[in-house]
Amino acid sequence: MSYIDDVLAKVIEKNPSEPEFHQAVTEVFESIRPMIEANEEFYKREAILERLTEPDRMIKFRVPWVDDKGQVQVNMGMRVEFNNSIGPYKGGLRFHPSVNQGIIKFLGFEQIFKNSLTGLPIGGGKGGSDFDPKGKSDREVMAFCQSFMSELYKYIGADRDVPAGDIGVGGREIGYLFGQYKKLSGNYEGVLTGKGLSYGGSLARTEATGYGAIYIAEELFKDHGIDIAGKTVVVSGAGNVAIYAIEKAQQLGAKAVTCSDSTGWVYDPEGIDVEALKEIKEVNRARLTEYKKYRPNSEYHEGRGVWQIKCDLAVPCATQNELFLEDAKQLAANGCLAVVEGANMPTTIDATKYLQENGVYFIPGKASNAGGVAVSALEMSQNSERLSWTFEEVDSRLQTIMVDIYHNIDNAAKRYDCEGDYVAGANLAGFEKVLNAMLAQGVC
């Protein structure tokens, strides 16, 4: 058995019931196999893969809080500090009922390579809770966030571990978390990113992940002689990533025609009304059933189904494993040119392989989703310098980072004789930098 196969078997054996983590590790290992097997004895002696897949630490804790009826509620909180070889741990907090240890580890593992690809000095981490902020009052969300931070603050800091937002954690939650951290630690520092503009946040942070996905899609198209203007884009999700992917696509002259949430999806053949979508989701925190009130000619459908719409570019922005094999077949049959992931690992492995084997360009989330964490790192820089950059300056830096990521993963794929395989290119390029840092710092 090869070194890679042996370590992969051990990872699965040691981490049962964590299929998302197994999936993420398998994808990376298969991509870096040529590099590892070219010098297998060395990497085995250094236990590089074991050190890469075992987190530096896994923190799990109880989060008690009191709801508006006076009832004490108890949730689980956790943080995985996975690898800090190239910088402080960096990764979001996710508040959603689906959160468990396997999902947090998958996200933290992916974050190592995503953060490496940005070219910025940030390591990989992730955290969250099975708390669901939907339907909760502001006071209940504040009570939960304060209790959550009362434990988490012991383990984080501006030069140690810098959390951000993710699913279920927006500006409201970050504000409550930061306030409690400041109170408990006595420090006013850039320990959280995604903060409000009045207390250290960065312009363009809200837009960053969605904008970044479209910037890298634009560069992919440009590299293959295609103009993104005039193209039809299908997007899933209706959170920050989806909203601002739609906005940027339409700014570049494309037409985004779908969005979705957990109950259904919208098809608007004239192009999604971004301002209406923002009002529904960001202001009213309502369901997409409201969209027809703004655009009577649009269609609302229960369940899932955005991938059946004919498009040139598909951007899955909702959650992990939302684009299945049958969806990939539908996209390919409809002539889709590219799938660019806006969420973390939203495409199943078999769907990814089908797309690649059937001529659909595919860019994985660890590359195309990196805009958010890139601007988070830029927010850290602004906090350290006590400066605030303009929207245009941050946006310009973001675009440069995303263009560089595309060419880094493209070049890595070419160097390892897998030209056009952007999954392999992303994993190889991300791994190279982390590997070199790990080896330089010894066994630690």
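How much area does the protein chain expose, and what percentage of it do carbon and sulfur atoms supply? The exposed area is about 17300 Å², and carbon and sulfur atoms supply 48% of that area. The structure described here is a predicted model.

## Overall dimensions

The protein chain holds 444 residues, and a compact globule with that number of residues would have a radius of gyration near 22 Å. The value for this chain is 21 Å, so the chain agrees with the globule rule. Along the principal axes, the C-alpha trace spans about 65 × 55 × 45 Å.

Of the 444 residues in the protein chain, 57% are buried. A residue counts as buried when its relative accessible area is under 20%.

## Contacts and charges

Among contacts in the protein chain with a separation of 6 or more, 72% are between residues 24 or more positions apart.

The chain carries 47 positive and 62 negative charges. The mean position of the positive charges and that of the negative charges lie 5 Å apart.

## Helices and strands

The secondary structure of the protein chain consists of 17 helices and 13 strands. Strands of a sheet pair through backbone hydrogen bonds, and the pairing is either parallel or antiparallel. Both kinds appear in the sections that follow: β6 and β7 run parallel, whereas β8 and β9 run antiparallel.

## The five-stranded sheet

Five strands form an open sheet in the order β7-β6-β11-β12-β13, and their pairing is parallel. At the edges of this sheet are β7, residues 255–256, and β13, residues 361–363. Each of these edge strands pairs on one side only.

The partner of β7 is β6, which covers residues 232–236. Two bridges join β6 and β7. In one of the bridges between them, Thr-232 has Lys-255 of β7 as its partner.

## The antiparallel strands β8, β9 and β10

Which strand does a hairpin join to β8, and through how many residues? The hairpin leads from β8 to β9 through three residues. Strand β8 spans residues 258–260 and strand β9 spans residues 264–267. Three bridges hold this antiparallel pair together, and Cys-259 stands opposite Val-266 in β9.

Strand β9 is also joined to β10, residues 299–302, by four bridges. These two strands run antiparallel as well. Across this pair, Gly-264 stands opposite Glu-302 in β10. Strand β9 is thus bridged both to β8 and to β10.

Methods
Residues are numbered from 1 along each chain as its sequence is written. This is a predicted model: local features need pLDDT of at least 70, side-chain atom pairs count only at pLDDT 80 or more; totals for chains, interfaces and linings use all residues. Side-chain values use heavy atoms; hydrogens and water are left out. The radius of gyration is taken over C-alpha atoms; the globule rule is 2.2 Å times the number of residues to the power 0.38. Buried means under 20% relative accessible area, exposed over 50%, partly exposed in between (1.4 Å probe, protein chains only). Contact means heavy atoms within 4.5 Å. Accessible areas come from the Shrake-Rupley method with a 1.4 Å probe; for residues, only the protein chains shown count as cover. Lys and Arg count as positive and Asp and Glu as negative; His and the chain ends are not counted. The place of a charge is taken as NZ of Lys, CZ of Arg, CG of Asp or CD of Glu. Two strands pair if DSSP finds at least two bridges between them.
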